[in-house]
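Trainee: Can you walk me through this one? I'd like to work it out piece by piece.

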Amino acid sequence: FFISNNTSCTNHLVETSGPDTISVDCIRIDDFCTQNNVVPDVMKIDIEGAKFWALEGMEQTLRQNNITVLVEIHQVYLADHNITGKMFADLIGRIGYCAYDTRGTAIAGDEVTKHSCVILSKNKVPAAIFEVE
């Protein structure tokens, strides 16, 4: 369930329904890409804390392709759901990707969850990936 509260600009996932919740249909990226015969070049994952599970749901697609993935990290949400930096690093390594910060610097192992935004890629990302000219 997704909670949408008119008094706050921070909406997030919740495990039970309530007066301000919305049920959201979901599909794994692996299934979506297979069903629609598509492979994205770039993905942005900002799904209010659930990106670890989203990455699990796209393992096959990521392994078989070279997709650049921008991931927003919610450290508190991950910690509240017992997702450690090591678990995140193991998942990234299992799919054959590396993590980089927004300046293009490699992020070692479990340090990935200490950043608020990371880029996942099989190849080194440009140092100025977010510079706008």
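Trainee: In what order do the elements of the chain run from the N terminus on?

Mentor: Bear in mind that this is a predicted model. The secondary structure comes to five helices and eight strands. Reading from the N terminus, the order is β-β-β-α-β-α-α-β-α-α-β-β-β.

Trainee: Which strands are at the edges of the open sheet?

Mentor: Start with the sheet itself: five strands, mixed pairing, in the order β4-β5-β8-β6-β7. An edge strand pairs on one side only, and that picks out β4 and β7 (106-107).

Trainee: Okay, and which residue in β7 stands opposite Tyr 100?

Mentor: Look at β6 (residues 98-100), which runs antiparallel to β7 and is joined to it by two bridges. Across from Tyr 100, in β7, you'll find Ala 106.

Trainee: Now the surface. Is Val 38 buried, partly exposed or exposed?

Mentor: First find Val 38, in the loop between α1 (29-36) and β4 (42-45). Buried would need under 20% relative accessible area, and exposed over 50%. Val 38 has 35% relative accessibility, so it counts as partly exposed.

Trainee: How much accessible area does the nonpolar patch with Val 38 have?

Mentor: Val 38 shares that surface patch with Ile 27 and Phe 32. Together, the three have about 240 Å².

Trainee: And what share of the chain's accessible surface belongs to carbon and sulfur atoms?

Mentor: Take the whole accessible surface of the chain, about 8200 Å². The share belonging to carbon and sulfur atoms is 52%.

Methods
Residues are numbered from 1 along each chain as its sequence is written. This is a predicted model: local features need pLDDT of at least 70, side-chain atom pairs count only at pLDDT 80 or more; totals for chains, interfaces and linings use all residues. Side-chain values use heavy atoms; hydrogens and water are left out. Patches are made of residues with over 30% relative accessible area and no salt bridge: like charges are joined within 9 Å, nonpolar side chains (Val, Leu, Ile, Met, Phe, Trp, Tyr) within 5 Å. Accessible areas come from the Shrake-Rupley method with a 1.4 Å probe; for residues, only the protein chains shown count as cover. A salt bridge is a side-chain nitrogen of Lys or Arg within 4 Å of a carboxyl oxygen of Asp or Glu. Helices (H or I, at least four residues) and strands (E, at least two) are DSSP runs, numbered from the N terminus. Buried means under 20% relative accessible area, exposed over 50%, partly exposed in between (1.4 Å probe, protein chains only). Two strands pair if DSSP finds at least two bridges between them.
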